[in-house]
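Please open the structure in your viewer and keep a selection tool at hand. The tour below goes from one selection to the next and says what is found at each.

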Amino acid sequence: MMSKLSVILWLLLFATTCIGQDNLSNNCDKDTLRYKRFDIEEYKRLVRKNPTAYRICKEGKLGELIELDDEYVNNSFAGFRESHTYRDSPYEYIYIYNTEGYITAYCAYFHKMPIGKGYQFDGHGNEIKCIDYDLLYKFNIDALKKKMLQQYGINLMDMKQVFSMRRYEEQKYIKRPIYIISARRKDNRNDIYLINGITGETLYIQKNVEISRDEDSPANKKSIEEMYHDFKKSSSMSTHQ
């Protein structure tokens, strides 16, 4: 029979494994995730207790902040939304539930980018769809964090250092998966890094960029993808002259 201390240590280990902010373990595993429920009665009590609150929040384990809200689809009430975050962390975990409180979707985000595996469920514990958001990116988030810190002194876990970050499969100029990281400078300008999502190679760096209207785009509106393309084109012409 397990002692009280053993039980406490086991529970603490389980909690730490399931909600660590430096990885995607917040959802534990798919089999646990598919039966996750939204506590509707607790949500109603919190709303009654804070009728004028802009956000309904509660504290979770190990400093976790959980924001609760209604979920709407086409302006119609469709269920509930649960957002799990940690103070000063770029990770966010979103759970969507139907009107009866059964989970219908889950996705993890890093700097607002979907990462890991996202799931859709039918509200009865059955998986409908799974999307692997990391599939195209052989150079993964952990490798990218290490590279940016070691090569450029940019800590991607530091929200104050990162203005924005996105990734997608570029089709026009580069024709491969890429990361675009906009890092804050001390002079209120940004440095923008274009990274190959497969090899991790730094393709282009745009320095000292003025960001207009709080958007993730330079004031001159020329994208870093296009600038990289122009740079490669001019380099190729110089080589053949």
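The stops that follow go from the whole chain to the core, the aromatic pairs, the largest pocket and some single residues.

**The whole chain**

Begin with everything displayed, and bear in mind throughout that this is a predicted model. Coloured by secondary structure, the chain shows five helices and eleven strands. Of its 241 residues, 38% are buried. If contacts with a separation of 6 or more are considered, 41% of them join residues that are 24 or more positions apart.

**The largest nonpolar core**

Select Phe110, Leu144, Leu156 and Met165 next, which are the members that touch the most others in the largest nonpolar core, a set of 37 residues. Then expand the selection around Met165: once its neighbours within four places in sequence are set aside, Met165 is in contact with Phe110, His111, Met113, Ile141, Leu144, Leu156, Tyr179, Ile180 and Ile181. Apart from this core lies another one, made of twelve residues, with Leu194, Leu203, Val209 and Ile224 among them.

**Aromatic pairs**

Show the aromatic side chains now; the whole structure holds 13 aromatic pairs. Go to Tyr91 and Tyr93, whose rings form a stacked pair with 6.4 Å from centre to centre and 10 degrees between the planes. Tyr91 and Tyr93 are both buried. Staying on Tyr91, add Phe110 to the selection, and a tilted pair comes up, at 4.8 Å centre to centre and with 50 degrees between the planes. Because Tyr91 belongs to strand β4 (residues 91-97) and Phe110 to strand β5 (residues 103-110), this pair ties together parts that are 19 residues apart in sequence. Phe110, like Tyr91, is buried.

For a cluster of rings, select Phe38, Tyr43, Tyr72, Phe77, Phe80 and Tyr97, which are linked by ring pairs.

Two arginines are worth displaying along with rings. The charged end of Arg37 sits over the ring of Tyr102, at 3.9 Å from the ring centre, while Arg167 lies over the face of Tyr137, 4.3 Å from the centre of that ring.

**The largest pocket**

Switch to a surface view for the largest pocket, which has about 540 Å³ of space. Which residues are closest to its centre? Among the 23 lining residues, they are Thr85, Tyr86, Ser89, Tyr91 and Met159. The elements that contribute two or more residues to the lining of this pocket are β2 (64-73), β3 (76-86), β4 and β8 (162-170).

**His111 and Asp88**

Select His111, which is found in the loop between β5 and β6 (113-121). Is His111 buried or exposed? With a relative accessibility of 10%, His111 counts as buried, since the cut-off is under 20%. Residues up to four places away in sequence aside, His111 touches Pro90, Leu156, Met159, Val162 and Met165. If you draw a distance from the C-alpha atom of His111 to that of Arg166, the viewer should give 7.7 Å, although the two residues are 55 residues apart along the chain.

The backbone of His111 also deserves a look. Most residues other than glycine have a negative phi. His111 is not a glycine, yet has a positive phi of about 50 degrees. Asp88, also not a glycine, has a positive phi of about 60 degrees. Asp88 is found in the loop between β3 and β4, and at 60% relative accessibility counts as exposed.

**Ile96 and Val47**

Move to Ile96, which has its place in strand β4 and, at 14% relative accessibility, counts as buried. Not counting residues up to four places away in sequence, Ile96 touches Glu71, Phe80, Arg81, Tyr102, Ile103, Thr104 and Ala105. From Ile96 to Arg37 the C-alpha distance is 9.8 Å, across 59 residues of sequence.

The last stop is Val47, in helix α3 (residues 40-49). Val47 is partly exposed, with 31% relative accessible area, and its C-alpha atom is 9.6 Å from that of Asp69, a residue 22 residues apart from Val47 in sequence.

How values were computed:
Residues numbered from 1 in each chain as written. Predicted model: local features only at pLDDT ≥ 70, side-chain atom pairs only at ≥ 80, totals over all residues. Heavy atoms only, no water. Core = buried A, V, L, I, M, F, W, Y, C linked by side-chain atoms within 4.5 Å. Buried < 20%, exposed > 50% of the residue type's maximum accessible area, 1.4 Å probe, protein only. Contact = heavy atoms within 4.5 Å. Phe/Tyr/Trp six-rings, centres within 6.5 Å; stacked < 30°, edge-to-face > 60°. Helix = DSSP H or I, 4+ residues; strand = E, 2+ residues; numbered from the N terminus. Lys NZ or Arg CZ within 6 Å of the ring centre and 35° of its normal. 1 Å grid on protein atoms, 1.4 Å probe; cavity = no way out; pocket = protein on both sides within 12 Å on 5 of 7 lines; lining within 4 Å. Points joined across faces, edges and corners; volume = space filled by probe spheres on them.
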